Amino acid sequence: MSRFLLLGGAGLLGTHLGPALQLAGHDVGIVDRFSGSMFLRTPKAFPVYKADATDHNGMVSVFAKFQPDVVVVMVSHYYSRDQYYSPYEEGRMMVGTANTICSVLSRATKHVYLCSHSDVYDGSESGRGLSEDRRIHTPVSYRGATNLAAEYMFTTRCDELDIPLTVLRIFDMVGPRLMFTPVSCRLNFLVDAFLKGEQIGLVGSNKKRDFIHVKDVVSAIVGLHAHEFSGVVNIGTGNGRTLNQICKELSKSMKIQYPPIEITDRLAYAAVADIDKLTEAVSWWEPKTDILEYLPELVEFR
């Protein structure tokens, strides 16, 4: 069994991944600065370290205390209850995190998991799933560029230390969340707009996106670790849903009619995962939650 240190472990993914890893027999420790997460929802069964992943001395101290075998980096987005971070500030902290964590890795580390994002792809107009082997052009977003930079830094450092690295390119992850973090879930915006009776303006409402429930992401990660997978892998459902489809389902289930206004398709792109590599690596894995079936639960939670 391994000792997992979850960086950003008080967020949506960490609060689901931690218990799943513990159930599988692993020891789990959590690092979070709790700027966009809630301390009260963090499982008390785990050692919790309040620290900033960009603080080198703080990370040296945490690694010395917990002595992890496996490191999971889940700080691909930054949030704060008190301020809005610009894409530039987010990118600076993302790359800063990669630099700091790479500097404290050693040959005692047995595996690193880096949670990246589908933003690294420049989208698809063909309708085909986005493959890990796809040639990546200049990303459409600054966030995508900084995720790629973090991937490169971890790849270089793990190669130097001969540490297996798994890059998890996670598509649009959904699930209950105590803090409102709009970047992580477009659906929170839509559901809240319906609940408030606000007019909805959509960009790219007919472009398909791959929404995957956090529990399906967790089962994929646990499966990949059990099968000792390393390399780059997409985590998505392989099935796309448009925002128009989601709005129609919300209207039907809530018995409310707020026709969305299409603003533009120009800035939007389709992003559906090719999950062949994931299902080949973990033959038993398949997504359990359909986003349209999950909507009533999300509405109730919001």
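Hi everyone, let's start with a single residue: Ala 98 has a relative accessibility of 1%, so it counts as buried. Before I go on, please keep in mind that this is a predicted model. Ala 98 sits in helix H3, which covers residues 87–104. What does Ala 98 touch, once its neighbours within four places in sequence are set aside? The answer is Ala 150, Met 153 and Phe 154. Phe 154 is 56 residues away from Ala 98 along the chain, yet their C-alpha atoms are 6.9 Å apart.

Let me step back to the whole chain. It has 302 residues, and 54% of them count as buried. The secondary structure amounts to nine helices and eleven strands. If you take the contacts between residues at least 6 apart in sequence, 80% of them link residues at least 24 apart. As for the surface, about 13,900 Å² is accessible, and carbon and sulfur atoms account for 51% of that.

Now to the cores. The largest nonpolar core has 39 residues, and the members that touch the most others are Leu 13, Leu 168, Leu 224 and Ile 235. Which helix gives the most to this core? That is helix H6, residues 214–226, with six residues. Let's look at Leu 224 in particular. Not counting residues up to four places away in sequence, Leu 224 touches Tyr 113, Leu 168, Phe 229, Val 233, Ile 235, Leu 278, Ala 281 and Val 282. There is also a second, separate core of 26 residues, with Leu 7, Phe 154, Leu 161 and Val 167 among its members. You'll recognise Phe 154 there: it is one of the contacts of Ala 98 from my opening.

Next, a pair of helices. In general, two packed helices are described by the distance between their axes and the angle between them. Here the pair is H5, residues 186–196, and H7, residues 243–254; their axes come within 11 Å and cross at roughly 35 degrees. The crossing is right-handed. On the H5 side, the residues involved are Leu 187, Leu 190, Val 191, Phe 194 and Leu 195. They meet Leu 243, Ile 246, Cys 247, Leu 250, Ser 251 and Met 254 of H7. Sorted by class, that contact comprises ten nonpolar residues, one polar residue and no charged ones.

Staying with H5, which of its residues are buried? They are Leu 187, Asn 188, Leu 190, Val 191, Asp 192, Ala 193 and Phe 194, so to speak the inward list, with Asn 188 and Asp 192 included. What do these buried residues pack against? Besides H7, they pack against strand S7 (172–174), strand S8 (201–203), strand S9 (211–213) and helix H9 (291–301). After H5 comes Gly 197, with a positive phi near 70 degrees.

That brings me to two residues with positive phi that are not glycines. For Gln 67, phi is near 50 degrees. Gln 67 lies in the loop between helix H2 (56–66) and strand S4 (70–73). Is Gln 67 buried or exposed? Its relative accessible area is 55%, so it is exposed. Then there is Asp 162, whose phi is about 60 degrees. You'll find Asp 162 in the loop between helix H4 (142–161) and strand S6 (165–170). With a relative accessible area of 69%, Asp 162 is exposed as well.

That's my tour, thanks for listening!

How values were computed: Residues numbered from 1 in each chain as written. Predicted model: local features only at pLDDT ≥ 70, side-chain atom pairs only at ≥ 80, totals over all residues. Heavy atoms only, no water. Helix = DSSP H or I, 4+ residues; strand = E, 2+ residues; numbered from the N terminus. Buried < 20%, exposed > 50% of the residue type's maximum accessible area, 1.4 Å probe, protein only. Contact = heavy atoms within 4.5 Å. Areas by Shrake-Rupley, 256 points an atom, 1.4 Å probe, with all protein chains shown as cover. Axes fitted to C-alpha atoms, helices over the stretch in contact; angles between N-to-C directions. Left-handed = near helix turned anticlockwise from the far one by under 90°. Nonpolar A, V, L, I, M, F, W, Y, C, P; charged D, E, K, R; others polar. Core = buried A, V, L, I, M, F, W, Y, C linked by side-chain atoms within 4.5 Å.
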